[in-house]
Amino acid sequence: MVKVNPFYADLLPSYLFRDMGNKAREVKEKNPDAKIISLGIGDVSRHIPNTSIKAMQNALTEMADDSTMRGYPPELGYAFLREAIAKNDYQDFGIDISVDEVFVSDGSKCDVANVQELFAADCVVAIPDPVYPVYRDSNIMAGRKIVYLPCRAENNFMPEMPKEKVDVIYLCSPNNPTGAVASKEQLKAFVDYASKNDALIIFDSAYKEFVRDKSVPKSIYEIAGAKKVAIETRSFSKTAGFTGVRCAYMVVPKELSGLNAMWIRRTSTKFNGVSYIVQKGAEAVFSDEGKKEVAEVISYYLENAKIIKKGLEEIGFKCFGGDNAPYIWADISKTGLSSWGFFEKLLSRAFVICTPGSGFGKCGEGFMRFSALGKREDALEAIMRIKDLKEKGEI
Ligand code: MLT
């Protein structure tokens, strides 16, 4: 037998969303007629913009003709998409990001998991708790020391500053799972910490399009000095419905001593790029029509979030997030159930899936995450079913 990576033994036995999926399948098998509603994994229910669909259809037609077909895409992304990203997502907002600092990928999950390959094995990594599990698991797999930064209600779920020197800090705003958003001052404190301690920030802004409050930063690069200390990841998944199409990007500034060149080296060895068809669809997101369609869909999800949050508050749960984010973070500790206990109860008694807070880390115990990315009718129905359980005294 091959000698295996010993650090896998330090992981939880199964990935959170896989666990939830398995449990949901078991309940479905026992209750084949039940309509299970998912407010669990943050998957979208609205399709990609019509303008992206048209662009992808045209791209497919080009691919069907020998004179216009394309073979391997450039590993780092087609220039047309890298330019559209640099212009529309940064330069138009006065942020100085150039085309050769933007790298197109097939998803932020992969980017946030892969980026740690650039860091030495003995780097100490700071990870918020609760957190999107990929930051944690990818560093556990690499055997790195992890320092957890607790996020608590009294601190608006912003991570506490590291108490010891760390080399890498992962941040996410709007936050998955808590739905909290970081203010400019809070991000500045982390940028200052990173500058002073020679640390690097990985800033995940996959949910930036949900920010409607103008005072809330969408990019870490809105903070002076951040280009010298931060990598940023963004995605078309939640903003433009690309979860099933796959397209994202990562910004690695050239100021980050050598990391830009290392990322190019890594990516050209390990990746053959995102398909032309998909990148054409992503480019169309930045057209005037695409931007209008995205804004409309985001408003739809934010309205779902309002409905879910209000419903849960009426039941008596204190809720956070959901205003500039598609996630509502509900304190269910008064029910006396653990997060997984609440998950099982809702799934088996109301056929509603939501995500146990403890799946995101120890500090998530006693909380549940509700996703607003589903259909309106499902959000309404789920809240009705949960209210019903409450009336029956089951939660
Ligand atoms: C989530 O529900 O946290 C996300 O949808 C998972 C992901 O983006 O991989």
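Visitor: How many residue pairs are in polar contact across the interface of domain 1 and domain 2?
Guide: The rule finds 16 such pairs, with both residues at pLDDT 80 or more; a polar contact is a pair of N or O atoms within 3.5 Å, where within protein one must be able to donate a hydrogen and the other to accept it, and residues adjacent in sequence count only if both atoms are side-chain atoms. This is a predicted model, in which local features need pLDDT of at least 70 and side-chain atom pairs count only at pLDDT 80 or more, whereas totals for chains, interfaces and linings use all residues. Residues are numbered from 1 along each chain as its sequence is written, and side-chain values use heavy atoms, leaving out hydrogens and water.

Visitor: What makes up domain 1 and domain 2?
Guide: The assignment, automatic or from a database, gives 6–48 + 290–391 to domain 1 and 50–286 to domain 2. The contact (heavy atoms within 4.5 Å) takes 40 residues from domain 1 and 49 from domain 2.

Visitor: Why is helix H9 called mostly covered?
Guide: Buried means under 20% relative accessible area, with exposed over 50% and partly exposed in between (1.4 Å probe, protein chains only); 7 of the 9 residues of H9, a helix spanning 276–284, are buried, so H9 is mostly covered. Helices are DSSP runs of H or I of at least four residues, and strands are runs of E of at least two, numbered from the N terminus.

Visitor: What covers the buried residues of H9?
Guide: The cover includes helix H2 (50–63), helix H3 (79–90), strand E2 (102–105) and H10, and the buried residues of H9 include Tyr276, Val278 and Lys280.
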